[in-house]
Amino acid sequence: MAALRVMLDPTRLGQEAETLEANLRKRVVGQADAIRQTVDLYQTFLAGMASTGRPIGNLLFLGPTGTGKTRTVEAVAESLVGDPRAVVKIDCAEFQHSHEIAKLVGSPPGYLGHRETHPLLSQEALNLHQTETVKLSFVLFDEIEKASDALWNLLLGILDKATLTLGDNRRVDFSRAIIFMTSNLGSAEMESMLQPGMGFQAVSQAAAMAAAAGASVAKKMERAGMESARRRFTPEFMNRIDKVVVFRSLGESELRSILDLEIDAVRDRLRQATGTGSLTLKLSETARDLLLREGSDPRYGARHLKRAIERLLVHPMSNLIATGQVKEGDQVLVHVDGDGARLVFLKEFKGVAPQREDKTGSSAAA
Ligand SMILES: Nc1ncnc2c1ncn2[C@@H]1O[C@H](COP(=O)(O)OP(=O)(O)O)[C@@H](O)[C@H]1O
Ligand SMILES: [Mg+2]
């Protein structure tokens, strides 16, 4: 008797993993590879297929600064447990000396200050943000190229055995943790593939040309990133990594999407600052263009854009609030002045004819 065979689809995600993917896409612009790899790991965990005796996953994020490596980790925590800060974050540069390592693991009993130390990497710290439904921890070792040897050894143990022994010999179990590591290693090499002074328009043009020629700049940059990781990190370390993801430089359309996300974040801050009635903030297209122009520097990715938003939008708005020129319930339009070089701030009155100031300074209804 012939067996009945039905074609299966091993690429389809379960509901929960699909929701995570959708949530990450809303928060992280571009970087589809990073999103996919993270979601795949989560799916493996959900299916109960994560290998035992190791962390759920060890992910290495490489790539230029300001492209969303740290943001992706925050977005995972935000999507799964509702708080972007629900991440145990270790800035590797801050743990160069042995007394600083004690901040991570605590000092042995008997040492001065033993009782006062609350190791950053304790089981309590790891379990702190777990919820009823999501029994997962997120651990981030940021900028690992700056880690000292002592920190490096500690990290290797966690990646391999999912355990860490604290100063007082207690054990911390990392088997329900996803370990994220970031490094901007290789970004100098990656950048050298772009000609000096190239703006992002030129970058996307170059990418389009390369794609037409059958080679992709993005692929080459990815390879450069991987190669410098292999040169810098030991095979011992690289073998413990489940996935290496190279983050791409952000192009103009990506920065434009990030601008929209960041304007929404400014609106949230306004809501918190001015109360529930809130302030409506609108930006004209030309105002957005100006922010984008001022905030574009391929060397710093979205970081430069965020600084431009603080300087040109948040600071002036703060002044307007502090001086009572705008308050809860008002509607503010941000536009550009005549030659488009500066942002101007206008208060709009809904359904009311605008007030006009005459030359003598007294105001009269128009
Ligand atoms: N791909 C991105 N999508 C959304 N926001 C981004 C992205 N890249 C950078 N940002 C914004 O810029 C900030 C700095 O990015 P970050 O993730 O810290 O960069 P890095 O790659 O150096 O870790 C983030 O907090 C976020 O607001
Ligand atoms: Mg970072």
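**Figure 1. Packing of helix H13 in the predicted model.** The buried residues of H13 pack against three elements: helix H11 (252–274), helix H12 (285–294) and strand E9 (331–336). These buried residues are Ala302, Leu305, Ala308, Ile309, Leu313 and Met317.

**Figure 2. Course of helix H13, residues 302–322.** With 21 residues at 1.5 Å a residue, H13 should span 30 Å, and the 28 Å between its end C-alpha atoms agrees with this. A bend of about 35 degrees is found in H13 at Glu310. Just after H13, Gly324 has a positive phi of about 70 degrees.

**Figure 3. Strand E9 and its pairing with strands E8 and E10.** Strand E8 (residues 280–283) runs parallel to E9, and four bridges join the two. On the E10 side, E9 is joined by six bridges to residues 343–348, and these two strands run antiparallel. Gln331 of E9 takes part in both pairings: Thr280 stands opposite Gln331, and Glu348 is the bridge partner of Gln331 in E10. The hairpin of E9 and E10 has six residues between the strands, and Gly340 in this hairpin takes a positive phi near 70 degrees.

**Figure 4. Surroundings of Phe345 in strand E10.** Phe345 has 17 other C-beta atoms within 10 Å; a residue counts as buried at 20 or more and as exposed at 12 or fewer, so Phe345 is partly exposed. Leaving out residues up to four places away in sequence, Phe345 touches Pro316, Leu320, Val332 and Val334. Of these contacts, Pro316 and Leu320 fall within the range of H13, residues 302–322, while Val332 and Val334 fall within the range of E9, residues 331–336. Between Phe345 and Val332 the separation is 13 residues in sequence and 6.7 Å in space, C-alpha to C-alpha.

**Figure 5. The shell around ligand 1.** Ligand 1 is surrounded by 18 residues, of which the closest are Gly68, Lys69, Thr70, Arg71 and Ala302. Ala302 is also one of the buried residues of H13. Helix H3 (69–81), H11 and H13 each contribute at least two residues to the shell. Sorted by class, the shell holds nine polar, five nonpolar and four charged residues.

How values were computed: Residues are numbered from 1 along each chain as its sequence is written. Chains are lettered from A and ligands numbered from 1 in the order in which they are written. This is a predicted model: local features need pLDDT of at least 70, side-chain atom pairs count only at pLDDT 80 or more; totals for chains, interfaces and linings use all residues. The expected span of a helix is 1.5 Å times one less than its number of residues. The bend at a residue is the angle between axes fitted to the seven residues ending there and the seven starting there. Two residues are in contact if their C-beta atoms, placed from the backbone, lie within 7 Å. Two strands pair if DSSP finds at least two bridges between them. A residue is near a molecule or strand if its C-beta atom, placed from the backbone, lies within 6 Å of it. Ala, Val, Leu, Ile, Met, Phe, Trp, Tyr, Cys and Pro count as nonpolar, Asp, Glu, Lys and Arg as charged, and the others, Gly among them, as polar.
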